[in-house]
Amino acid sequence: QVQLVESGGGLVQAGDSLRLSCAASGHTFSTYSMGWFRQAPGKEREFVARINVYGDRTSYADSVKGRFTISRDNAKTTAYLQMNSLKPEDTAVYYCAAGRYGVSPALYDYWGQGTQVTVSS
């Protein structure tokens with residue numbers, strides 16, 4: 001089993017950057033693909049980015065492509081989401097998840113508690 005704890009969220013202005021971290025417990029972190037999802041009030045949870053177990057394959061939602069970068073450090077059992085050029089529409093609770101390499105939340109077995117990102121205009 002994997003426990004995930006996100007950190008790094010906060011209130012920023014449009015154009016600013018944030019880096020989210022997802023610290024995982026357990027010895028099996030390196031066997032899971034990692035994903036970042038977000039959920040805004042009144043909306044469904046949506047895919048943001050994913051990375052495979054080796055860290056050499058990634059993909060992004062069109063809305064964040066070119067601005068966000070997902071990465072992982074298996075030695076530190078931590079995944080990251082670097083978010084640049086933030087926009088007000090990026091405001092949401094951000095969740096990291098561990099599971100299979102996919103864009104559907106249903107493919108991920110373990111979830112963090114979420115971290116709030118608020119971008120003011």
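These legends go with several close-up views of a predicted model.

Because the model is predicted, local features need pLDDT of at least 70 and side-chain atom pairs count only at pLDDT 80 or more, while totals for chains, interfaces and linings use all residues. Residues are numbered from 1 along each chain as its sequence is written, and side-chain values use heavy atoms, with hydrogens and water left out.

**View 1. The whole chain is built from strands, with 11 of them and 0 helices.** Reading along the sequence, you get β-β-β-β-β-β-β-β-β-β-β. Helices (H or I, at least four residues) and strands (E, at least two) are DSSP runs, numbered from the N terminus. The C-alpha atoms fit a box of roughly 40 × 25 × 25 Å along the principal axes. A compact globule of 121 residues would have a radius of gyration near 14 Å, and the chain's 13 Å agrees with that. That radius is taken over C-alpha atoms, and the globule rule is 2.2 Å times the number of residues to the power 0.38.

**View 2. Surface and core of the chain: 45% of the 121 residues are buried.** Here, buried means under 20% relative accessible area, exposed means over 50%, and partly exposed is in between (1.4 Å probe, protein chains only). About 6,100 Å² of the chain is exposed, and carbon and sulfur atoms supply 47% of that area. The areas come from the Shrake-Rupley method with a 1.4 Å probe; for residues, only the protein chains shown count as cover. Take the contacts (heavy atoms within 4.5 Å) between residues at least 6 apart in sequence: 56% of them join residues at least 24 apart.

**View 3. R38 pairs with both E46 and D90.** Side chains of opposite charge can pair when their charged atoms come close. A salt bridge is called when a side-chain nitrogen of Lys or Arg is within 4 Å of a carboxyl oxygen of Asp or Glu, and the chain has 4 by this rule. For E46 and R38, the closest N and O atoms are 2.6 Å apart. E46 is partly exposed, at 37% relative accessible area, whereas R38 is buried at 6%. In the salt bridge of D90 with R38, the closest N and O atoms are 2.9 Å apart. D90 sits in the loop between β8 (78-83) and β9 (92-99) and R38 in strand β4 (residues 33-39), so this pair ties together parts 52 residues apart in sequence.

**View 4. D90 also meets R67 in a salt bridge.** The N to O distance here is 2.8 Å. The two residues link distant parts of the chain, 23 residues apart: R67 is in the loop between β6 (58-60) and β7 (68-73), and D90 in the loop between β8 and β9. R67 is buried, with 10% relative accessible area, and D90 is buried too, at 1%. Put the pairs together and you have R38, E46, R67 and D90 linked in a network of salt bridges.

**View 5. R100 lies in the loop between β9 and β10 (108-111).** This arginine, R100, is exposed, with a relative accessible area of 53%. Leave aside its neighbours within four places in sequence, and R100 is in contact with S33, L107 and Y108. R100 and V53 are 47 residues apart in sequence, with their C-alpha atoms 9.0 Å apart in space.
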